[in-house]
Each structure stands twice: as structure tokens, then as C-alpha cells.
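I opened this entry to look up how the parts of the chain meet and what surrounds the ligand. The notes follow the order in which I went through the model.

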Amino acid sequence: MPRKLLKILFASSEVAPYAKTGGLGDVAGSLPKALAELGHDVRIVLPKYKQIAEGDYVTDYPVEMDHHLETGILRQTKLKGRNYQVPVYFIDNYKYFYRDGIYGFADEAERYNFFSKALLGMLPRIDFQPHLIHCNDWQTALIPLFLKTKYAEDPFYQRIATLFTIHNLQYQGVFNKKTLKLIGLGDEFFTLERLEFYGKINFMKAGLLYADIINTVSKKYALEIQTSEYGERLDGLLRKRAQDLYGILNGIDYEEFNPETDPYIYKNYNIETIDLKRENKYALQKETGLPVGDTPLIGIVTRLVEQKGLDLIGNIFGEIMDTGIQFILLGSGADSYQKLFAEFKIKYPQQAAINLGFNPELAKKIYAGVDMFLMPSRFEPCGLAQLISLRYGTIPIVRATGGLVDTVQDYDEKKGEGNGFSFKVYEPKALLEAIKRALTIYLEKPEQWRRLMVNGMKADYSWERSAGQYAQLYDKAIHKHLATLYRVVG
Ligand code: ADP
């Protein structure tokens with residue numbers, strides 16, 4: 001019997017290639033395409049930020065805010081997949097989204113409250129009644145709450161189920177109490193069982209409480225966030241919902257990240273022509289001002305935030321340099337880290353290339369050009385950078401946490417198994433030891449190193465498998481939602 005196909009609305013605050021600050025953007029730009037390949041009617045919706053140039057006008061409509069109306073302007077485009085095109089809706093409003101940058105404004109609560117309301121308001125106007133809305137991170141966490149409260153009796157919305165995906169539990173959208181009124185909720189929501197969170201209100205909590213099913217982006221992180229160490233003060237709630245909490249590993253877009261066809265790297269290659277990877281290294285060294293040659297080259301592409309373990313690197317930077325290797329960083333974020341790495345560049349001009357900024361093209365040149373990729377994260381929900389590295393035959397050196405545990409197996413020299421190097425304890429010494437282990441294999445056992453590269457390139461971290469798992473989870477959420485609904489109604 002053919003599968004019943006689903007109508008899914010994928011709601012995200014960022015979607016590559018239109019707007020991206022990190023992994024969420026990649027996921028939102030690639031998972032819907034993989035779902036469309038499985039035959040589902042999946043559509044994407046995101047805010048129309050100033051930087052997004054495209055989008056044909058569809059309609060505009062009033063959006064009810066606290067005591068006033070705003071205008072939602074709906075625009076549309078299509079995201080090209082392998083065989084299918086995915087409709088993409090942009091919700092436009094000059095006041096909220098016509099600004100430089102995506103996040104970091106004083107009125108974030110209001111912006112994403114508007115986005116969530118405008119998104120729900122859009123559905124009858126485009127005559128799209130999804131079986132499920134897939135919400136992602138705190139920016140879309142109010143949607144399940146609105147559906148279960150304001151829209152609970154509305155025949156158009158009543159049957160719509162929700163899945164809430166945690167891409168990073170650290171960002172929760174915590175605002176002061178008066179935000180409740182802004183969202184249109186009464187004081188009865190200011191309780192521990194509802195949105196109250198240490199004297200404030202927490203958007204993420206709304207998603208975790210009201211979504212039919214919750215998931216996060218790796219099995220390991222799904223377990224970790226139920227502990228006080230990784231739970232970001234929401235572990236109690238997550239433990240309560242453990243029966244509804246799943247882990248599905250992210251994939252990467254195997255067409256976008258493909259060393260054989262990538263237009264941005266210097267020299268294309270595949271498993272058979274893996275030796276050509278070296279030319280990417282030489283060209284990258286040249287472009288970034290490092291001496292050109294066969295010196296081992298370690299790279300990192302990252303948001304410059306505490307999560308990413310940059311303090312570990314900073315702590316042992318001198319010792320890393322003492323090994324004689326070259327180091328290249330591409331990163332944007334906190335000033336303190338920018339300063340730290342800028343100083344290393346001055347101190348080690350022959351060994352350290354520091355590139356500050358957000359630059360997807362240079363990122364790909366780094367994935368293709370370096371020998372090893374560093375990811376000593378304090379925590380990591382899934383991590384895409386290590387998957388991109390593997391795809392480009394670059395060996396990841398990671399801390400064993402979250403999705404890095406599920407995707408990087410520490411190399412066992414005796415058995416010849418593994419696809420990278422990992423260390424457990426969050427300490428500079430442990431990182432240094434892992435780097436040195438990798439360097440020894442790289443310098444002394446080139447045949448083994450080559451096998452590692454091939455293993456990485458052969459591994460399949462495309463979306464195919466995970467997209468199927470999402471479809472199953474959607475089914476589960478829809479069944480659960482309808483069962484509860486009919487129990488209540490009937
Ligand atoms: P996170 O989502 O926590 O930032 P991930 O590893 O899941 O981490 O995803 C990061 C994505 O963002 C990868 O595609 C990575 O290449 C990209 N990225 C991070 N920083 C930069 C940067 N400065 N320039 C270009 N791309 C970046």
C-alpha cells in the first residue's frame with residue numbers, strides 16, 4: 001500500500017541559502033528538500049529579512065497583535081531540489097524585519113511573536129491546511145502554544161499537529177514578564193507549569209510543553225539534555241516529557257557539499273582522485289598568506305561562542321604551534337575571541353591564518369583544503385561541520401559530546417577502525433593529546449591516514465535516512481494529536 005503523503009509546514013527563523021547564521025539554516029534548507037523527494041507536500045516559511053532580495057508578492061493581511069494590527073505581507077519563491085521544488089514563503093513586515101542582520105535586537109520577542117502569528121494567519125489565505133507544523137527552536141516555539149489555546153476550537157486549525165525540534169537548548173528566548181501581555185496571554189500563564197522561568201518567561205518552554213512531539217538533532221544530545229549538566233535548567237521538564245522526546249541525526253545536503261562538483265573550491269576531487277585534495281591545501285595556504293607546502297594544516301570554521309571550546313584552543317595555542325603545524329580559523333562572533341585569535345595571528349604569522357567574518361565560500365575552501373578539522377565543543381547538539389569535513393576527506397578532531405559522539409568514532413590504530421579523533425574530558429590537555437595522536441598518524445603512517453580519509457568520504461551522512469525518520473515522527477505526532485483531540489471532543 002502506498003504511504004499516505006503528508007502536508008507539512010516547516011517553520012524556521014533561518015533557511016539557507018536565504019538566511020543562515022549556523023546549522024539551523026543548513027537543516028532548514030536541506031531537510032525539506034529531502035522530504036519532498038519522499039513525496040511529501042512540504043513548504044517552508046521564514047521571515048523576509050532585509051538581506052533577502054527575492055520573493056514574489058502573494059497577498060497581505062492583518063495580524064492581530066496586542067491591541068493593534070500589523071500587516072503581514074506574504075511573498076513566495078521556490079527552492080530547487082533534485083527532482084522537486086519546495087515552495088518557500090517569506091513573511092514580510094518592514095518594521096520587524098527590514099534591518100541589517102538577523103538576530104540580536106531589543107524587540108526579539110515581538111518580532112518572533114509577530115512571525116508566529118502571521119504564519120498561522122497565512123494558512124487559510126493560501127488554502128494550505130498542513131497535517132503538521134514543524135517548529136524549530138525558540139523563535140517558532142509559540143506556534144504550538146497558540147494552536148493549543150487561541151486556535152484550539154477553530155475547525156481550520158484544530159487538527160494541525162506540531163513537532164518541536166531543539167537545535168540548541170542554550171538559546172531559549174527568555175524575556176521579562178510583561179512579554180506575556182505582548183503575546184496576548186494572561187497572568188495564568190505565569191506559573192512554573194506553564195511559561196514562567198526564574199521570574200521571566202521562556203519561549204522555548206512553550207514549545208517543549210505544547211508540541212505534540214519533541215525532538216533534537218542527535219540521540220546522544222536527546223539523552224544529555226535530560227541531565228542537569230546539559231539541560232540548561234530545562235532538564236526537569238525534558239525528563240517529564242521523555243516519552244515524547246526523540247533524537248534524529250541531522251544530515252547535510254550532499255549536492256551542496258560535494259568536493260566533486262563544488263564550484264567554490266580550487267580543485268574538484270572524489271575518492272578516486274583524493275590526491276588532488278592537496279592542491280586545495282596549497283591554494284588555501286597561498287590565499288591566506290601561509291607558507292605553501294606539506295606542513296600539516298588544521299582548520300576550524302565556527303561561530304565564535306563559548307559552546308565551541310575556543311577557550312581550550314586558546315589555552316594550548318602555544319603548544320599547538322610548537323608541534324610545527326599550521327592553523328587556519330574562520331569565525332564570527334564574540335569580540336573577546338576575535339581579539340584572542342587576532343593576537344595569535346600577530347604572534348605566529350607563519351603558522352596562523354585568522355579570518356574573521358561569515359564567509360560560506362571560504363568555509364568550503366577550508367573544508368576542502370585542510371588536513372584536520374577541530375571541533376572541541378563543550379556541548380554539540382549535532383554539529384554539521386564535522387559531517388562536512390568527512391565529506392571532503394578532512395579528518396575531524398572532536399570532543400566526544402552530543403552529535404559528535406554519534407558521528408565521529410575515535411581511530412583505533414590496532415583495528416584500523418574509526419573516522420576521526422576524539423577526546424572525552426573538557427580539558428586543554430586532552431585536546432592537545434588528541435591533536436598529537438592525529439599528527440603522529442598523519443606524519444608517520446600516511447597509508448593509515450589515507451584510509452581514514454577514504455572512510456570519511458565513503459560514510460553517508462546525507463538526509464535520506466534522517467528524512468525518513470522525520471516522516472515517521474510526523475506520523476506519530478499527527479496520530480497522537482488526533483487521538484487527544486477526539487478524546488477531548490468526543
Ligand atoms: P552551529 O549550528 O552550532 O553553528 P554546526 O556545526 O551545526 O554549528 O553548523 C555550523 C554551520 O555554519 C556550518 O555549515 C559551518 O560551515 C557554518 N559556519 C559557521 N561559522 C561560519 C563562518 N564564520 N563563515 C561561514 N560559515 C560558517
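**Domain interface and ligand site**

I looked up the interface first and noted that about 1,500 Å² is buried between domain 1 and domain 2, with carbon and sulfur atoms giving 58% of that area; buried area here is the accessible area (1.4 Å probe) that two parts lose on being put together, summed over both. On the domain 1 side, Lys220, Tyr230 and Leu249 lose the most area to domain 2, together 25% of what that side buries.

This is a predicted model, in which local features need pLDDT of at least 70 and side-chain atom pairs count only at pLDDT 80 or more, while totals for chains, interfaces and linings use all residues. Residues are numbered from 1 along each chain as its sequence is written, and side-chain values use heavy atoms, with hydrogens and water left out.

I recorded the division of the chain as domain 1 (7-251 + 464-489) and domain 2 (274-461), with bounds that come from an automatic or database domain assignment. The domain centres, taken over C-alpha atoms, are separated by 33 Å, and 21 residues of domain 1 are in contact (heavy atoms within 4.5 Å) with 21 residues of domain 2.

I then turned to the ligand, which lies between the two domains because both give residues to the shell around it. There are 22 residues around the ligand, of which Gly23, Asp26, Arg303, Lys308 and Tyr367 come nearest; a residue counts if one of its heavy atoms lies within 4 Å. By class I noted 10 nonpolar, 8 polar and 4 charged residues in this shell, with Tyr among the nonpolar types and Gly among the polar ones.

For polar contacts (pairs of N or O atoms within 3.5 Å), I noted that an N or O atom in the side chain of Asp26 is 2.7 Å from an oxygen atom of the ligand. Backbone N or O atoms also take part: one of Gly357 lies 2.9 Å from a ligand nitrogen, and one of Ala385 lies 3.1 Å from a ligand oxygen. Taken alone the ligand exposes 560 Å², and the protein buries 93% of that, with accessible areas from the Shrake-Rupley method and a 1.4 Å probe.

Last, I looked at the backbone and found a cis peptide bond joining Ala16 and Pro17, with omega about 5 degrees.

Note on methods
Polar contact = N/O pair within 3.5 Å; in protein donor to acceptor, adjacent residues only side chain to side chain.
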